[in-house]
Structure formats: structure tokens, C-alpha cells
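Let's take a stroll through a small protein model together. Have a look at the sequence and the 3D picture below, then read on.

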Amino acid sequence: MPYVSQDIRELLKPKAGVVPGTPGGLNYQFTELCNEYLYTQGTSYHAINDIIGALEACKLEFYRRVVVPYEDKKIKENGDVY
């Protein structure tokens, strides 16, 4: 996860303050952000690879930080299947 300084984080936070209420809305916001990055960087293999790499790293970090603890909690509550 590319940790950025606190002052940069404030600049990068979504400005609209609108949180999507559906998976489609979330996907749309991700797509718009990726499109903006591609537009500013120019369409190239490098920029496309940047986007895919960032999405994959974000997915993996989300899994590590959110999904694994959630699954561990559910194992304790309901018992393991292995």
C-alpha cells in the first residue's frame, strides 16, 4: 500500500462527499477515477499498467485489512469448516 503523507491525503479525498449506495455506483466512481488518471497521463501501456497495478494493490490491501479480520471473526463465531 503506498502510504502518502497526511497533507497529500487531504488533497486526494473525494470532494463531492457522495458515497455510492450500490455496487454499480462504486464501480462507476472507480472507473471515473481511472479515466481521469488515464486522461492526465495519456493513454500508454505505462499508464494502463499503473491503473491495473493500483487497483490490484488496493484490492489486496482491502482483503488483508478488512476481509481477513472479518473472516477470522466469523470463524470464531460460527466455527471453522477446515
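## Three helices and their contacts

The protein chain has three helices and zero strands. Here helices (H or I, at least four residues) and strands (E, at least two) are DSSP runs, numbered from the N terminus. Read from the N terminus on, the elements go α-α-α. Keep in mind that this is a predicted model, where local features need pLDDT of at least 70, side-chain atom pairs count only at pLDDT 80 or more, and totals for chains, interfaces and linings use all residues. Residues are numbered from 1 along each chain as its sequence is written, and side-chain values use heavy atoms, with hydrogens and water left out.

What about the overall form? The C-alpha atoms fill a box of roughly 50 × 30 × 30 Å along the principal axes. The radius of gyration of the protein chain is 17 Å, while a compact globule of 82 residues would come out near 12 Å. That radius is taken over C-alpha atoms, and the globule rule is 2.2 Å times the number of residues to the power 0.38.

Buried residues are just 5% of the 82 residues in the protein chain. Buried means under 20% relative accessible area, exposed means over 50%, and partly exposed is in between (1.4 Å probe, protein chains only). The protein chain exposes about 7400 Å², with carbon and sulfur atoms supplying 63% of it. These areas come from the Shrake-Rupley method with a 1.4 Å probe; for residues, only the protein chains shown count as cover.

Now for the helices. Leu12 sits in helix H1 (residues 6–12) and is exposed, at 62% relative accessible area. Together with Val4, Ile8 and Leu11, Leu12 makes a nonpolar surface patch of about 370 Å². Patches are made of residues with over 30% relative accessible area and no salt bridge; like charges are joined within 9 Å, nonpolar side chains (Val, Leu, Ile, Met, Phe, Trp, Tyr) within 5 Å.

Helix H2 (residues 23–41) has 19 residues, and its end C-alpha atoms are 27 Å apart, in agreement with the 27 Å it should span at 1.5 Å a residue. The expected span is 1.5 Å times one less than the number of residues. Just after H2, Gly42 takes a positive phi of about 90°.

Helix H3 (residues 45–78) holds both Arg64 and Glu61, three residues apart, about one turn of the helix. The whole structure has five salt bridges, each a side-chain nitrogen of Lys or Arg within 4 Å of a carboxyl oxygen of Asp or Glu. Here are some of them:

| Salt bridge | Closest N to O |
|---|---|
| Arg64 and Glu61 | 3.0 Å |
| Glu61 and Arg65 | 3.1 Å |
| Glu77 and Lys73 | 3.9 Å |

Glu61, Arg64 and Arg65 are linked in a network of salt bridges. Glu61 is buried at 13%, whereas Arg64 is partly exposed at 49%. Glu77 and Lys73 also both lie in helix H3, four residues apart.

Why are there zero disulfides in the whole structure? The sulfur of Cys34 is 9.7 Å from the closest cysteine sulfur, in Cys58, so it is too far for a bond. A disulfide needs a pair of cysteine sulfur atoms within 2.5 Å. Cys34 is buried at 17% relative accessible area, and Cys58 is partly exposed at 44%.
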